[in-house]
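Thanks, everyone. I would like to walk through a few side-chain arrangements in this model, starting with a histidine and then turning to the aromatic rings.

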Amino acid sequence: MDSAAWLGVLREAAENIYAAVSDARQRGKGLENRDYKHLLDEAAQQTLIETLTRRGVSANLISEEGNATINGGGATVIADPVDGTTNLARGIYPAVTCLSASETDRQSGTLAAVVKNLYTGEVYAAEKGRGATLNGSPTHVAAPRQTRASLITLDISKTPKLDRVTPLLNTCRYIRMFGSSADELALISSGNVDAHVDIRGTVRATDIAAALLILTEAGGTYAV
């Protein structure tokens, strides 16, 4: 499959996940937080597998919620069906589904990617070599700014190492922490955020693979 075909599959899967998660949010009212998060993740994962299978794609699925071989295997689909599950379970923004397809088992082989907001339904998307879009319109990173005037998102959760970001905290006037790496990277691609810094050392490919293609196709860069 070429990048355009993959983008169509990923868009459909993201839309189906959006609908399934919306339904699960209604069904999960009253559940304990852990059970509610499991319900949301399970609904999204099952919908993703069902969509890929029904569309007849051959892929190896690498997912935050468990790997699977689809129709005998083939291309690599990397997914976090719900990135920001804790946010979603608590009813706070943001939470997204992030899906990418690679012709190899490496990020460099990524052909297409989608990051869809599970609250608003807005869609960031990209095809390799063809740029990035937000809701179908071309999007691009913001012009460079001095650190002091930049809006920077930061992830220090679970294992804070504040000494590593002290210079940034002392310099930048506008720092936020949203709790969804994919969403934060996508926001850079549209120029709403200038940079994202993750110092945890635990970020996984499932969290960021889709957003990295969107970021680079929008003119951004990243370092790991």
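The side chains of His 196 and Thr 153 are joined by a polar contact of 2.7 Å, and I should say at once that this is a predicted model, so that distance is computed from predicted coordinates. His 196 sits in strand β11, which covers residues 195–198, and with a relative accessibility of 18% this histidine counts as buried, because the cut-off for that class is under 20%. If we leave aside the neighbours within four places in sequence, His 196 is in contact with Thr 153, Leu 154 and Asp 155, and also with Ser 181, Glu 184, Leu 185 and Ile 188.

Now to the rings. How many aromatic pairs does the count come to? The count comes to one: the ring centres of Tyr 93 and Tyr 119 are 6.4 Å apart and their planes stand at 40°, so the pair is classed as tilted. This pair links distant parts of the chain, 26 residues apart, since Tyr 93 belongs to the loop between α3 (85–90) and β4 (96–102), while Tyr 119 belongs to the loop between β5 (110–117) and β6 (123–127). As for accessibility, Tyr 93 is partly exposed, with a relative accessible area of 42%, and Tyr 119 is also partly exposed, with a value of 24%.

One further ring deserves a mention, this time with a charged partner: Lys 116 lies over the face of Tyr 18, at 5.0 Å from the ring centre.

Conventions: Residues numbered from 1 in each chain as written. Predicted model: local features only at pLDDT ≥ 70, side-chain atom pairs only at ≥ 80, totals over all residues. Heavy atoms only, no water. Phe/Tyr/Trp six-rings, centres within 6.5 Å; stacked < 30°, edge-to-face > 60°. Helix = DSSP H or I, 4+ residues; strand = E, 2+ residues; numbered from the N terminus. Buried < 20%, exposed > 50% of the residue type's maximum accessible area, 1.4 Å probe, protein only. Lys NZ or Arg CZ within 6 Å of the ring centre and 35° of its normal. Polar contact = N/O pair within 3.5 Å; in protein donor to acceptor, adjacent residues only side chain to side chain. Contact = heavy atoms within 4.5 Å.
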